[in-house]
Amino acid sequence: MPVPKPLPPGIRHLPFHLDGARQRQLVEAIRAVVAEAPLFTPAMPKTGKAMSVRMTNCGALGWVTDKDRGYRYQPDHPVTGRPWPAIPAILADIWRETAQYDLEPEACLINHYDAGARMGLHQDRDEQDFAAPVVSISLGDDCLFRVGGPKRGDPTMSLRLASGDIVVIGGESRLAFHGVDRIYPGTSVLLKRQGRINLTLRRVTRA
Ligand code: MD3
Ligand code: FE
């Protein structure tokens, strides 16, 4: 029998934490958010190169990036100028179940991957509070997720994430390099169109 590699310290993978009914409820909640705060195409700092993932947010603060101002959190949508919608109760519940952290989430980044989208290896370091974990929820098609260590050249391991899976990233791995190498199109029927949605719940400000 193959023996699975242990995940890096501080990372917990909860396969199929959300059953089908809860995944469908979550998709409905996300549809309502996207109706108020449409997906936008983020651009890389300096080069302005478009990312292949489309994004939006809910919560008091949302993560955005563009050519001129780079990566940051802000309280309003970069296209509509409106405040981000509130974090739906179903998402705050998942944070309370999984984060093992006293404070409520302040931000939820919604990443939408179509069949060809990917996310290069990067660190999440735009938050002021690295003591809080990041809670990641996968919906729709499977993906191949990669995670390494705190230095870009550190060895990496890959993990296939499926719809309903949750990954909690904290402790020693909070500043680990990570990315999404590929989507496996057509591996889920949850979404009307193929593709994958990832939700990341976070604290941004220091307690
Ligand atoms: C490991 N999102 O939004 S979520 C991101 O699937 C992001 O959309 C990916 O990376 C996605 O920044 C991965 C899992 C994740 C999130 C944050 C991490 C893994 C992490 C922070 C540190 C280490
Ligand atoms: Fe990230």
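In this predicted model, an oxygen atom of ligand 1 sits 2.9 Å from an N or O atom in the side chain of Asn111, and two further side chains approach ligand 1 in a comparable way. Arg196 places an N or O atom of its side chain 2.9 Å from an oxygen atom of ligand 1, while for His178 a polar side-chain atom lies 2.9 Å from an oxygen atom of ligand 1. The protein covers 98% of the 500 Å² of accessible area that ligand 1 has on its own. There are 19 residues around ligand 1, of which Asn111, Tyr113, His122, His178 and Arg196 come nearest.

Two of these residues lead on to the metal. The iron ion (ligand 2) is coordinated by His122 and His178 through their NE2 atoms and by Asp124 through OD, at 2.0 to 2.2 Å, and along the chain these donors follow the spacing H-x1-D-x53-H. Because Asp124 belongs to the loop between strand E6 (119–122) and strand E7 (134–140), whereas His178 belongs to strand E11 (residues 178–184), the pair ties together parts that are 54 residues apart in sequence. Both Asp124 and His178 are buried.

Just before His178 comes Phe177, whose place is in the loop between E10 and E11. Phe177 counts as buried, at 8% relative accessibility, because the cut-off for that class is under 20%. Leaving aside neighbours within four places in sequence, Phe177 is in contact with Leu121, the iron ligand His122 and Gln123, and also with Arg146, Val147, Gly148, Gly149, Pro150, Lys151 and Arg152. The C-alpha atoms of Phe177 and Val147 are separated by 5.9 Å, although the two residues are 30 apart along the chain.

Ser173 is found in the loop between E10 and E11 as well, and with a relative accessible area of 4% Ser173 is buried. Apart from neighbours within four places in sequence, Ser173 is in contact with Pro8, Pro9, Gly10 and Ile11.

Turning to the nonpolar interior, the largest core has 29 residues, and those with the most contacts inside it are Met55, Tyr113, Met119, Phe145 and Val180. Strand E3 (62–64), strand E5 (107–113), strand E8 (142–147), strand E9 (157–161), strand E10 (166–169) and E11 each supply at least two residues of this core. Tyr113, already met beside ligand 1, touches Val53, Arg118, Met119, Val180, Ile183, Gly195, Arg196 and Asn198 when residues up to four places away in sequence are not counted. A second, separate core of 25 residues includes Ala29, Ile110, Ile137 and Leu199.

Two residues deserve a look for their backbone angles. Phe16, in the loop between strand E1 (11–14) and helix H1 (20–36), has a positive phi of about 50° although it is not a glycine. Gln100, in the loop between helix H2 (89–98) and E5, likewise has a positive phi, of about 55°, without being a glycine. Are these two side chains buried or exposed? Phe16 is exposed, with a relative accessible area of 52%, and Gln100 is exposed too, with a relative accessible area of 67%.

Technical notes:
Residues are numbered from 1 along each chain as its sequence is written. Chains are lettered from A and ligands numbered from 1 in the order in which they are written. This is a predicted model: local features need pLDDT of at least 70, side-chain atom pairs count only at pLDDT 80 or more; totals for chains, interfaces and linings use all residues. Side-chain values use heavy atoms; hydrogens and water are left out. Donors are N, O and S atoms within 2.8 Å of the metal (3.2 Å for Na, K and Ca); water is not among the atoms, so sites may look incomplete. Helices (H or I, at least four residues) and strands (E, at least two) are DSSP runs, numbered from the N terminus. Buried means under 20% relative accessible area, exposed over 50%, partly exposed in between (1.4 Å probe, protein chains only). A nonpolar core is a set of buried Ala, Val, Leu, Ile, Met, Phe, Trp, Tyr and Cys residues joined through side-chain atoms within 4.5 Å. Contact means heavy atoms within 4.5 Å. A residue is near a molecule or strand if one of its heavy atoms lies within 4 Å of it. A polar contact is a pair of N or O atoms within 3.5 Å; within protein, one must be able to donate a hydrogen and the other to accept it, and residues adjacent in sequence count only if both atoms are side-chain atoms. Accessible areas come from the Shrake-Rupley method with a 1.4 Å probe; for residues, only the protein chains shown count as cover.
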